[in-house]
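Good morning, everyone, and thank you for making time for this. I would like to walk you slowly through one model, and I will name each residue as we come to it.

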Amino acid sequence: MYTIKDKHFAEKKMMELPNDIIEEMKIRFDSGFDLANKILTESLNENEYLNHERIIRCVIYLSDGIQSFKHNLKVAKTDPRDVMLFAEYEQMNRIRDFNKTFAENDV
């Protein structure tokens, strides 16, 4: 049986992904979308601190296939700031803000 705290925790894990994230995953992973979605869901369930739109967008932006997606999720698990730095900055200047959608970043 869930306690109130456990139930809240379980509900938080079930966050629906924003449309822009789903659409970008379909574009980047094409026929591998279902596998990428499964990998992402498992990672978010195991690591609640990754369950932020900004981190997810950064991981997707850096990925060009399932293997690099897995790698970037692993990097984010170690320290999410690394994927944010790699995805949003060039030569220490912020050029993207993945708190905003992919479209708002012209991606």
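I will talk about the aromatic rings, and after that about two helices. Please keep in mind throughout that this is a predicted model.

Let me begin with the rings, where the count comes to three aromatic pairs. One of these is formed by Tyr61 and Phe98, whose ring centres are 5.3 Å apart and whose planes make an angle of 45°, and since tilted pairs are those that are neither under 30 degrees nor over 60, this pair counts as tilted. Tyr61 belongs to helix 4, residues 53-62, while Phe98 sits in the segment after strand 2, so the pair ties together parts that are 37 residues apart in sequence. Tyr61 is partly exposed, with a relative accessibility of 23%, whereas Phe98, at 0%, is buried. Ring pairs also bring in Phe102, so to speak, as a member of a cluster with Tyr61 and Phe98.

Another ring, that of Phe33, has a charge for company, as the charged end of Lys26 sits over it at 5.7 Å from the ring centre.

Now to the helices. How do the axes of helix 5 and helix 6 cross? Helix 5 covers residues 66-78 and helix 6 covers residues 80-88, and their axes come within 5 Å and cross at roughly 125°, which makes helix 5 oblique to helix 6. On the helix 5 side the contact involves Asn72, Val75, Ala76 and Thr78, and these meet Pro80, Asp82 and Val83 of helix 6. Sorted by kind, the residues of this contact are four nonpolar, two polar and one charged.

Note on methods. Residues numbered from 1 in each chain as written. Predicted model: local features only at pLDDT ≥ 70, side-chain atom pairs only at ≥ 80, totals over all residues. Heavy atoms only, no water. Phe/Tyr/Trp six-rings, centres within 6.5 Å; stacked < 30°, edge-to-face > 60°. Helix = DSSP H or I, 4+ residues; strand = E, 2+ residues; numbered from the N terminus. Buried < 20%, exposed > 50% of the residue type's maximum accessible area, 1.4 Å probe, protein only. Lys NZ or Arg CZ within 6 Å of the ring centre and 35° of its normal. Axes fitted to C-alpha atoms, helices over the stretch in contact; angles between N-to-C directions. Parallel < 35°, antiparallel > 145°, perpendicular 65-115°, else oblique. Contact = heavy atoms within 4.5 Å. Nonpolar A, V, L, I, M, F, W, Y, C, P; charged D, E, K, R; others polar.
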